[in-house]
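Reader: I am new to this structure and would like a friendly walk through it. Could we look at it together, one question at a time?

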Amino acid sequence: MRGQRSLLLGPARLCLRLLLLLGYRRRCPPLLRGLVQRWRYGKVCLRSLLYNSFGGSDTAVDAAFEPVYWLVDNVIRWFGVVFVVLVIVLTGSIVAIAYLCVLPLILRTYSVPRLCWHFFYSHWNLILIVFHYYQAITTPPGYPPQGRNDIATVSICKKCIYPKPARTHHCSICNRCVLKMDHHCRILSLFSRFTPRALHRVHRPWLNNCVGHYNHRYFFSFCFFMTLGCVYCSYGSWDLFREAYAAIEKMKQLDKNKLQAIANQTYHQTPPPTFSFRERITHKSLVYLWFLCSSVALALGALTMWHAVLISRGETSIERHINKKERRRLQAKGRVFRNPYNYGCLDNWKVFLGVDTGRHWLTRVLLPSSHLPHGNGMSWDPPPWVTAHSASVMAV
């Protein structure tokens with residue numbers, strides 16, 4: 001584009017220089033002088049329209065995927081409520097199968113101490129899952145105040161045209177800036193490899209909320225305890241699953257034999273069914289429980305581990321891409337990038353979970369707690385109990 005523009009403006013520049021040499025030296029008339037000034041002004045306006053300091057490969061990728069972004073913003077976001085209902089229905093079905101199918105079986109086989117342990121652990125895990133999921137979908141992520149000039153900002157949002165504090169990013173689905181934005185959801189995780197802006201549009205439909213400063217802990221805790229619950233159900237029901245799967249295979253063989261018997265005998269000679277309706281439903285429910293819990297444990301466990309790594313580094317999903325780009329840029333100059341929000345692995349977890357004292361690991365992590373996170377999401381001074389903190393390059 002620049003080559004074509006220079007090719008078109010080349011003859012015009014030559015004529016302008018000739019006019020300047022001939023006109024200004026011979027005291028050109030005011031009309032010609034006015035034309036020259038208008039030409040200069042028009043050239044400045046044209047350059048201002050074509051100039052973009054934010055141009056680059058990221059802008060090109062964003063422009064290429066703009067139709068996909070539009071689809072996400074206007075179509076997929078309406079599926080959020082449907083997916084939330086689906087999560088509730090699937091979780092409720094697992095709980096119902098555990099009470100109606102699994103509990104009667106283990107009451108006849110497990111000892112009393114083992115039953116007590118399963119009773120307390122399963123209900124503790126279920127309460128934490130329900131609590132953190134409810135808090136994650138109902139707690140606002142936090143938004144920067146508008147109309148205030150006394151907040152520390154690092155840039156101006158190109159969408160909102162408002163001051164943007166550190167770690168704040170614009171969510172195109174919420175259509176506003178979010179404090180310490182991590183993501184909105186993740187149905188298009190493929191595009192998160194390209195640009196940080198793509199992460200703003202990534203959608204996790206089973207949450208239907210933007211994850212930011214005030215509900216990031218609820219989101220991670222839900223993922224963690226849901227993974228624990230799925231692993232617990234999958235591992236605990238392994239023997240029941242094997243027996244149920246063998247019974248289903250036997251039922252299929254018996255049904256096949258019945259069809260052959262019906263074809264060769266009269267209807268009054270058909271043998272009665274070996275398995276009752278309740279037994280059939282129980283076996284199929286146990287197989288459904290094991291497959292669903294195992295698949296969710298694998299998928300959600302991988303996502304939880306990835307977020308745990310980010311939390312250990314003091315980063316969010318968006319900051320991971322920004323810091324990676326900044327690290328490469330400084331490395332090319334022989335410098336080292338240091339994340340200003342990384343206080344060390346243990347201190348990062350304390351800040352994230354809101355653990356100030358030793359007993360908070362019990363009252364704020366292992367028990368339901370609605371305490372607020374550290375800070376207000378606009379200033380990021382380290383807590384007083386952080387052991388060490390080195391000032392470094394600011395990540396935005």
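Author: What follows is a short set of questions and answers on this predicted model.

Reader: How many helices and strands are there in the protein chain?

Author: Let's begin with the overall make-up. The protein chain has 396 residues, and 39% of them count as buried. Its secondary structure comprises 13 helices and 4 strands.

Reader: Which helix gives the most to the largest nonpolar core?

Author: The largest nonpolar core has 37 residues, and Tyr-133, Leu-207, Phe-222, Met-226 and Leu-286 are those with the most contacts inside it. Helices H5, H6, H8, H9 and H10 each supply at least two residues of this core. The top contributor, with 9 residues, is H10.

Reader: Which residues is Leu-286 in contact with, leaving aside its neighbours within four places in sequence?

Author: Leu-286 is among the residues with the most contacts inside the largest core. With its neighbours within four places in sequence left aside, its contacts are Cys-101, Val-102, Leu-105, Leu-240, Phe-241 and Ala-244.

Reader: Where does UniProt place the feature "transmembrane region"?

Author: Two of the annotated spans can be described from the model. Residues 218–241 are 96% helix, with end C-alpha atoms 32 Å apart, while residues 286–309 are 100% helix, with end C-alpha atoms 34 Å apart. The unreviewed UniProt entry places the feature at residues 75–103, 115–134, 218–241 and 286–309.

Reader: Why does Ala-246 count as partly exposed?

Author: Ala-246 is found in helix H9, and its C-alpha atom is separated by 9.2 Å from that of His-283, 37 residues away along the chain. Buried means under 20% relative accessible area and exposed means over 50%, with partly exposed in between. Ala-246 counts as partly exposed because its relative accessibility is 46%.

Reader: Which elements do the buried residues of H12 pack against?

Author: Helix H12 covers residues 345–353, and its buried residues are Asp-347, Asn-348, Trp-349, Val-351, Phe-352 and Leu-353. Just after H12, Gly-354 takes a positive phi of about 75°. The buried residues of H12 pack against H8, H10 and H13.

Reader: What share of contacts between residues at least 6 apart in sequence join residues at least 24 apart?

Author: One pair gives a taste of distance along the chain: Ala-246 and His-283 are 37 residues apart, with C-alpha atoms separated by 9.2 Å. Among contacts in the protein chain between residues at least 6 apart in sequence, the share joining residues at least 24 apart is 70%.

Conventions:
Residues are numbered from 1 along each chain as its sequence is written. This is a predicted model: local features need pLDDT of at least 70, side-chain atom pairs count only at pLDDT 80 or more; totals for chains, interfaces and linings use all residues. Side-chain values use heavy atoms; hydrogens and water are left out. A nonpolar core is a set of buried Ala, Val, Leu, Ile, Met, Phe, Trp, Tyr and Cys residues joined through side-chain atoms within 4.5 Å. Buried means under 20% relative accessible area, exposed over 50%, partly exposed in between (1.4 Å probe, protein chains only). Contact means heavy atoms within 4.5 Å. UniProt positions are given in the numbering used here, feature names are shortened, and annotations may be inferred rather than shown by experiment.
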